[in-house]
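Reader: I'd like a close look at one part of this model: the charged side chains and who they pair with. Keep it casual, and walk me out to the surroundings once that's done.

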Amino acid sequence: MSRFWSPIVHTLTPYVPGEQPRIAGLVKLNTNENPYPPSPRVAEAIAAEMDNLRLYPDSVSWDLREAIAEHHGVAVEQVFAGNGSDEVLAHTFRALLSHDAPLLFPDITYSFYPVYCGLFGIAYEAVPVDEAMAVRVEDYRRPCGAIILPNPNAPTGRALPLSDIERLVCSHPDQVVVIDEAYVDFGGESAVALVDRFPNLLVIQTFSKSRGLAGLRVGFAIGQRPLIEALERVKDSFNSYPLDRLAIAGATAAMKDKAWFEETRGRIVASRARLTAGLQALGFEVVPSAANFVFARHPAREGLALAQALREKAVLVRHFNKPRTTDYLRISIGTDAECDRLIAVLKEILA
Ligand code: PMP
């Protein structure tokens, strides 16, 4: 606390990121990173860009947006790029989700959403997911200013079919509906397919998960021009150069390497099935996941105690200490060797 702070700083409850500790031999399954390195073309593209670092980057990230547009079959002008999808989300909250009526999002969801609401003074209502941790789109038929939803949801991993997303977007023609698709490449159906039909739909994705580039900080949004223009106006009132030259070059190369993308995401999806079976064999209930993590609880053990016992054996998973999630562990999908280590350590703990 300091008398020098702007008043709002006293009111903030900042987001708490998963820890990044330096422990030798750590099995790190707590922040949904990709267990595989990015495409080798990323390093080549970054190396080739080094001599240009004396120059400012392209403020509109044109080459990157072109690669994203090509991958998704949309126009370059329908793509907005930012410094991680967290920054794209922040601009979205400010540009499109701040209205008199409350913003709606699930009660169990990405815990950054209420943080942005605090920062930007946005009123919100949390809509409970059902007992099976599923989002019910019918529950969003209530007065609201806008809606945001991850699909697949985090930290549950549950995905809604595209038909549900379409119903949600259709039933709110006068509100913006944002679908946060950070994890969509691991088994979800992307709502980008709906963007041309719905002026109120914005889809946000990231290079942090399926492209293995959490450290490069690149995310993007796809929508019709008026929504994208709102993001551009906020971005250019905040930071004209959010993406540096290395990020633009590296992410563009990653987007173009389709073979690497398919190979690595396929491996993660296969490991998810294997890990799910391993956890179930130990008595865990595992929420069906379309993401690069699983959300699981053991009927006889407390989530926090399990997470702590795992940490003592150098295996990190994420625990969310809130009433509806406290029984659960969120476990990122690692390599098969990392998942095997987790299962072996859990066996010891449960014995
Ligand atoms: N959305 C969701 C649902 C997430 O879980 C995350 C990862 N913490 C993000 C967005 C942000 O990812 P990034 O900023 O790395 O793109």
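Author: Let's start with a trio: Asp107, Glu131 and Arg324 are linked in a network of salt bridges (a side-chain nitrogen of Lys or Arg within 4 Å of a carboxyl oxygen of Asp or Glu). Keep in mind that this is a predicted model, where local features need pLDDT of at least 70 and side-chain atom pairs count only at pLDDT 80 or more, while totals for chains, interfaces and linings use all residues. Residues are numbered from 1 along each chain as its sequence is written, and side-chain values use heavy atoms, with hydrogens and water left out.

Side chains of opposite charge can pair when their charged atoms come close. Search the whole structure and you get 20 salt bridges, so here are a few to click on. Arg136 pairs with Asp139, with 2.8 Å between the closest N and O atoms. Arg136 counts as partly exposed because its relative accessibility is 38% (buried is under 20%, exposed over 50%, partly exposed in between, with a 1.4 Å probe and protein chains only). Asp139, at 24%, is partly exposed too.

Another pair is Arg225 and Glu232, whose side chains meet in a salt bridge at 2.9 Å, N to O. Arg225 has 33% relative accessibility, so it counts as partly exposed.

Then there's Glu348 with Lys313, a salt bridge whose closest N and O atoms are 3.0 Å apart. Glu348 sits in helix α11 (residues 336–350) and Lys313 in the loop between α10 (303–312) and β11 (315–316), so this pair ties together parts that are 35 residues apart in sequence. (Helices and strands are DSSP runs, H or I of at least four residues and E of at least two, numbered from the N terminus.) Both partners are partly exposed: Glu348 at 44% and Lys313 at 36%.

Now for charges without a partner. Asp58, Asp63, Glu66 and Glu70 make up a negative surface patch (patch residues have over 30% relative accessible area and no salt bridge; like charges are joined within 9 Å, nonpolar side chains within 5 Å). Within that patch, Glu66 lies in helix α3, residues 62–72, and counts as partly exposed because its relative accessibility is 40%.

For contrast, look at a nonpolar patch. Met1, Phe4, Trp5, Ile8, Val9, Leu12 and Leu119 form it on the surface, with about 710 Å² of accessible area together (Shrake-Rupley method, 1.4 Å probe). Phe4 is in the segment before α1 (7–11), and Phe4 is exposed because its relative accessible area is 65%.

Away from the surface, try Val286 in strand β9 (residues 285–286). At 14% relative accessible area, Val286 is buried. Its C-alpha is 9.9 Å from that of Leu275, eleven residues away along the chain.

Finally, zoom out. The protein chain has eleven helices and twelve strands, and 54% of its 351 residues count as buried. The C-alpha trace spans about 55 × 50 × 50 Å along its principal axes. The radius of gyration is 20 Å, which agrees with the value near 20 Å for a compact globule of 351 residues (taken over C-alpha atoms; the rule is 2.2 Å times the number of residues to the power 0.38).

Conventions:
Lys and Arg count as positive and Asp and Glu as negative; His and the chain ends are not counted. The place of a charge is taken as NZ of Lys, CZ of Arg, CG of Asp or CD of Glu.
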